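Here is a set of exercises to work through at your own pace. Try each task yourself before you read the solution below it.

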Amino acid sequence: MYDRLSSGLHALADPTRRGILARLASGEATVAELSEPFGISQPSISRHLKVLEKAGLIEVGRSAQTRPRRLRPDGLRDITAWLDGLRNLWADSFDRLDDHLNAARDDDNDNRENR
Amino acid sequence: MSGIFEISRSFRAARDRVWDAWTDPEQFAVWFGPKGSKCEIKHFDFRPSGYLHSRMEGPDGTAMWAKNVYRMIEPTDLIVWEQSFADEQGEIVAAPFPMPWPLRMLTTVKFADTDGGTHVVLTWQPLDASAEEMASFTTMMTSMHGGWTGTFDQLEEFLRA
């Protein structure tokens, strides 16, 4: 699990690779189609794709000839869930603190009404 | 990139009450942690150089230990502590995931009166972090608004489809 997470985080740390993922989110694309908008060579795109593939974030599509790449949804779910947990630690805690404070205030009000 | 994570919130409760929620271990355990997680306080010594040692269990049953060493306490204005991952014995350990991550994080919580409640500002700042650890922290905690959000929004749409 952690190995997968690690390679996933490494893959996502690069802006070009995030751009490739964003592009693939709108549909599968070949190496040639990917290299054009990013303005980088096909071998360089291929290296990025290899990293994304190793991290389980993308896969090769159906056409054997053009080998288009597409997103692998399962690969993203673990990483986004885990990242959200850490990134949202304080936002989530603040939500829960808010609930806790509201509950305490409601208890107070109940006690006062019962007096 | 400043390398500091900041979050703030206004709570509809008096300052004393909010302060208590942060400094009474029983209350802290009720709300600290991701949604669906459980927090247990194993040790609590609320004074400078004293520490809090806690166990957090995620919704999936994964347990993590944390240690907060208090640096400054100014009731009811300010709490500053060094936050780390820890083991069961309370020794500071590296983050339980294989990516560069600062060993210690300076956590600063400021409390202020606001109209009808209390405003809380919390910052997280890596301590003695290497360039690699800082980059990792920044990517994860502070660059989300500009960097990843767009990508993730699209990915989430894709996942829903």
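Helices are DSSP runs of H or I with at least four residues, strands are DSSP runs of E with at least two, and both are numbered from the N terminus. Keep in mind throughout that this is a predicted model.

**Exercise 1. Taking stock of the chains**

Task: Find how many helices and strands chain A has, and do the same for chain B.

Solution:
- Step 1. Count in chain A: there are 6 helices and 2 strands. Along the sequence they come in the pattern α-α-α-α-β-β-α-α.
- Step 2. Turn to chain B, where the count gives 4 helices and 8 strands. Its pattern along the sequence is β-α-α-β-β-β-β-β-β-β-α-α.
- Step 3. Add the burial. Of the 115 residues in chain A, 43% are buried; of the 161 residues in chain B, 45% are buried.
- Step 4. Look at the surface. Chain A has an accessible surface of about 6100 Å², with 45% belonging to carbon and sulfur atoms. For chain B the figure is about 8100 Å², with 49% belonging to carbon and sulfur atoms.

**Exercise 2. How confident is the prediction?**

Task: Find where in chain A the confidence is lowest and where it is highest.

Solution:
- Step 1. Begin with the average: chain A has a mean pLDDT of 83, and 87% of its residues reach 70 or more.
- Step 2. Compare the elements. Confidence in chain A is lowest in helix 1 (residues 2-12), with a mean of 71, and highest in helix 4 (residues 42-54), with 94.

**Exercise 3. Inside the nonpolar cores**

Task: Identify the residues with the most contacts inside the largest nonpolar core, and say which element gives this core its largest share.

Solution:
- Step 1. Recall a general tendency: in soluble globular proteins, nonpolar side chains tend to be buried together.
- Step 2. The largest nonpolar core holds 36 residues, and Trp90(A), Trp22(B) and Trp101(B) have the most contacts inside it.
- Step 3. Helix 6 (residues 89-114) of chain A supplies the largest share of this core, 5 residues.
- Step 4. Zoom in on Trp90(A). Leaving aside neighbours within four places in sequence, its contacts include Phe5(B), Trp22(B), Trp31(B), Trp81(B) and Trp124(B).
- Step 5. A second, separate core has 17 residues, among them Leu12(A), Val31(A), Ala55(A) and Ile58(A).

**Exercise 4. A look at helix 2 of chain A**

Task: List the buried residues of helix 2 of chain A, and find which side chain reaches a backbone nitrogen at the start of this helix.

Solution:
- Step 1. Helix 2 covers residues 15-24, and its buried residues are Arg17(A), Arg18(A), Ile20(A), Leu21(A), Ala22(A) and Leu24(A).
- Step 2. At the helix start, a side-chain oxygen of Asp14(A) comes to within 2.9 Å of the backbone nitrogen of Thr16(A).

**Exercise 5. Links between the chains**

Task: Find which residue of chain A forms a salt bridge with Arg9(B), and which one shares a polar contact with Gln27(B).

Solution:
- Step 1. Side chains of opposite charge can pair when their charged atoms come close.
- Step 2. Arg9(B) pairs with Asp95(A), their closest N and O atoms lying 3.0 Å apart. This pair crosses between chains, from strand 1 (residues 5-11) of chain B to helix 6 of chain A.
- Step 3. Check burial, where partly exposed runs from 20% to 50%. Arg9(B) is partly exposed because its relative accessible area is 22%; Asp95(A), at 28%, is also partly exposed.
- Step 4. Widen the view: Asp92(A), Asp95(A), Arg9(B) and Lys35(B) are linked in a network of salt bridges.
- Step 5. Gln27(B) sits in helix 2 (residues 25-31) of chain B. Its side chain and that of His100(A) are joined by a polar contact of 2.8 Å.

**Exercise 6. Two residues of strand 5 in chain B**

Task: Decide whether Ser84(B) is buried or exposed, and find the salt-bridge partner of Glu82(B).

Solution:
- Step 1. Ser84(B) lies in strand 5 (residues 78-86) of chain B. With a relative accessible area of 5%, Ser84(B) is buried.
- Step 2. The side chain of Ser84(B) reaches the backbone oxygen of Leu103(B) at 3.0 Å.
- Step 3. Glu82(B) and Arg104(B) meet through their side chains in a salt bridge (2.9 Å, N to O). The pair links distant parts of the chain, strand 5 and strand 7 (residues 104-114), 22 residues apart.
- Step 4. Glu82(B) is buried at 13%, whereas Arg104(B) is partly exposed at 23%.

Notes
Residues are numbered from 1 along each chain as its sequence is written. Chains are lettered from A and ligands numbered from 1 in the order in which they are written. This is a predicted model: local features need pLDDT of at least 70, side-chain atom pairs count only at pLDDT 80 or more; totals for chains, interfaces and linings use all residues. Side-chain values use heavy atoms; hydrogens and water are left out. Buried means under 20% relative accessible area, exposed over 50%, partly exposed in between (1.4 Å probe, protein chains only). A polar contact is a pair of N or O atoms within 3.5 Å; within protein, one must be able to donate a hydrogen and the other to accept it, and residues adjacent in sequence count only if both atoms are side-chain atoms. A nonpolar core is a set of buried Ala, Val, Leu, Ile, Met, Phe, Trp, Tyr and Cys residues joined through side-chain atoms within 4.5 Å. Contact means heavy atoms within 4.5 Å. pLDDT is the predictor's confidence in each residue, from 0 to 100. Accessible areas come from the Shrake-Rupley method with a 1.4 Å probe; for residues, only the protein chains shown count as cover. A salt bridge is a side-chain nitrogen of Lys or Arg within 4 Å of a carboxyl oxygen of Asp or Glu.
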